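Q: I am new to this structure. Please take one part, look at it closely, and then show me how other parts are built.

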Amino acid sequence: MPDRPEPKPGRILAAALCGLAMSLAAFAQSAAPPSADSVTAHVAAATALAGDDLKALMGLCTPAPATRPSGSASGGVNPVAALIARPAPPPGLAFDNLAYVGGRWSGAWALQTSQGAILLDALNNAAEAQALVEGGMAKLGLDPAKLRWIVVSHAHGDHYGGAPYLIERFGSKVVMSQADWQMSETALEFTNPLWPGPPKRGPGDLAVSDGDSLTLGDATLRFYITGGHTLGTLSTVFDLKSGASRHRAMLWGGTAFNFGRDIPRMDLYIAATARMAQIAKEQGISVMLSNHPDYDGTVAKLPLAVAGGGANPFVIGTPNVVRALTVMGECAQAQRDRYLLMP
């Protein structure tokens with residue numbers, strides 16, 4: 001991939017906000033009145049687009065509850081505990097500069113740069129951060145003491161829970177959107193005894209807006225607000241290395257519809273998928289990653305990438321990245337219409 005000139009941040013932000021407004025306007029103009037037929041049509045479109053390779057995303061087309069789950073233990077049963085307890089896959093290098101050091105449910109990716117590492121999401125708690133992030137990096141010959149930044153995609157405990165441990169252990173700084181910093185400092189959407197409190201914003205931490213970037217050594221990350229899962233969910237775009245090849249990647253920041261019957265948030269999600277599909281086309285994004293490995297097939301793909309000897313399974317090509325985002329958008333439109341049909 002040829003080098004691209006870096007646009008000025010002001011122009012990026014203006015373009016991003018303009019793009020979001022256009023996406024919302026286009027959706028409002030094109031959306032058909034909700035009906036049982038419109039729900040069926042959106043699900044059918046998603047099913048056709050998903051094929052066999054993107055079936056994992058079709059869970060989004062399953063009816064979602066109208067009330068937001070509490071996320072906390074109830075009746076003596078903690079549903080999060082069973083998810084966390086699933087055995088983690090071995091850590092591995094998906095690309096020359098990107099390692100998977102996450103669990104079986106929540107994901108974490110360590111991006112290596114010429115001046116240290118950037119962690120993309122921080123798992124559920126200190127125990128996971130120590131065993132999977134710190135331990136996983138060490139197993140791969142990477143130095144966890146050089147973990148400079150932690151990008152928290154959104155302020156839910158399964159993504160920030162390990163951050164306080166890593167901050168105390170290595171002095172890492174945190175990146176989160178302004179909206180989700182605010183949520184973490186006021187009223188969290190979800191709590192669970194298995195999650196510690198969110199990281200406290202300290203000197204040097206960053207509150208980023210749409211279009212902002214972070215550069216460390218030879219790596220630059222571009223952040224996009226893809227609201228819906230939370231209001232300030234961050235999706236991150238960056239470059240990956242595989243020998244002499246370069247690949248543009250997107251880490252989608254928040255996938256599930258766990259916010260209940262909130263039509264404005266669903267509209268944000270739909271608009272975000274359409275906008276990021278356009279950005280994927282413009283930037284030639286050929287890798288789409290998730291912070292929940294079930295969505296992007298990390299557990300199956302990682303051993304193949306580590307073994308080498310063929311095409312990297314994480315490189316799915318720009319048309320398939322666009323297709324994945326379109327599947328997500330169609331499922332979101334189906335769910336939106338279900339909500340609108342409720343009394």
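A: Start at G51, the residue that follows helix α2 and has a positive phi, near 55°. Keep in mind that this is a predicted model.

Step back from G51 into the helix itself. Helix α2 covers residues 36–50. How far should its 15 residues span? At 1.5 Å a residue, the expected span is 21 Å, and the end C-alpha atoms of α2 are 21 Å apart, so the two values agree.

Next, look at which residues of α2 are covered. S38, V39, H42, A46 and A50 are buried. Where do they sit around the helix? Viewed down the axis of α2, they fall within an arc of 105°, so they line one face of the helix. Their packing partner is α11, residues 318–341. The other side of α2 has exposed residues: A36, D37, T40 and A48. Buried here means under 20% relative accessible area, and exposed means over 50%.

Helix α8 can be read in the same order. It takes in residues 263–283. Its 21 residues should span 30 Å at 1.5 Å a residue, and its end C-alpha atoms are 30 Å apart, which agrees. α8 is mostly covered, with 15 of its 21 residues buried. Just after α8 comes G284, with a positive phi of about 65°.

Now turn to the strands. Strands of a sheet pair through backbone hydrogen bonds, either parallel or antiparallel. Here seven strands make an open sheet with mixed pairing. Their order is β1-β2-β3-β4-β5-β6-β7. What stands at the edges? β1 (92–95) and β7 (206–208) do, each with a single partner strand, so one side of each has no neighbour in the sheet. From one strand to the next, the twist averages 25°.

Move in on strand β6, residues 173–177. Four of its five residues are buried, so β6 is largely enclosed by the rest of the structure. Strand β5 (residues 147–151) runs parallel to β6, and three bridges join them. Across that pairing, W149 stands opposite K173 in β6. β6 also pairs with β7 in the parallel sense, over three bridges. There, V175 stands opposite L206 in β7. How does the chain get from β6 to β7? It crosses through α7, and this β-α-β crossover is right-handed. Another facing pair between β6 and β7 is M176 and A207. Helix α7 is made of residues 178–185. It lies across β6 and β7, and runs at about 105° to β6.

Finish with strand β8, residues 213–216. Which of its residues are on the covered face? L214 and L216 are, while S213 and T215 belong to the uncovered face. β8 runs antiparallel to strand β9 (residues 219–225), and four bridges join the two. L216, from the covered face of β8, stands opposite A219 in β9. Together β8 and β9 form a hairpin, with two residues between them. G217 lies in that turn and has a positive phi of about 55°.

Methods: Residues numbered from 1 in each chain as written. Predicted model: local features only at pLDDT ≥ 70, side-chain atom pairs only at ≥ 80, totals over all residues. Heavy atoms only, no water. Pairing = 2+ DSSP bridges. Axes fitted to C-alpha atoms, helices over the stretch in contact; angles between N-to-C directions. Contact = heavy atoms within 4.5 Å. Buried < 20%, exposed > 50% of the residue type's maximum accessible area, 1.4 Å probe, protein only. Expected span 1.5 Å × (residues − 1). Arc of directions from axis to C-beta. Right-handed = clockwise from strand over helix to strand, strands pointing away.
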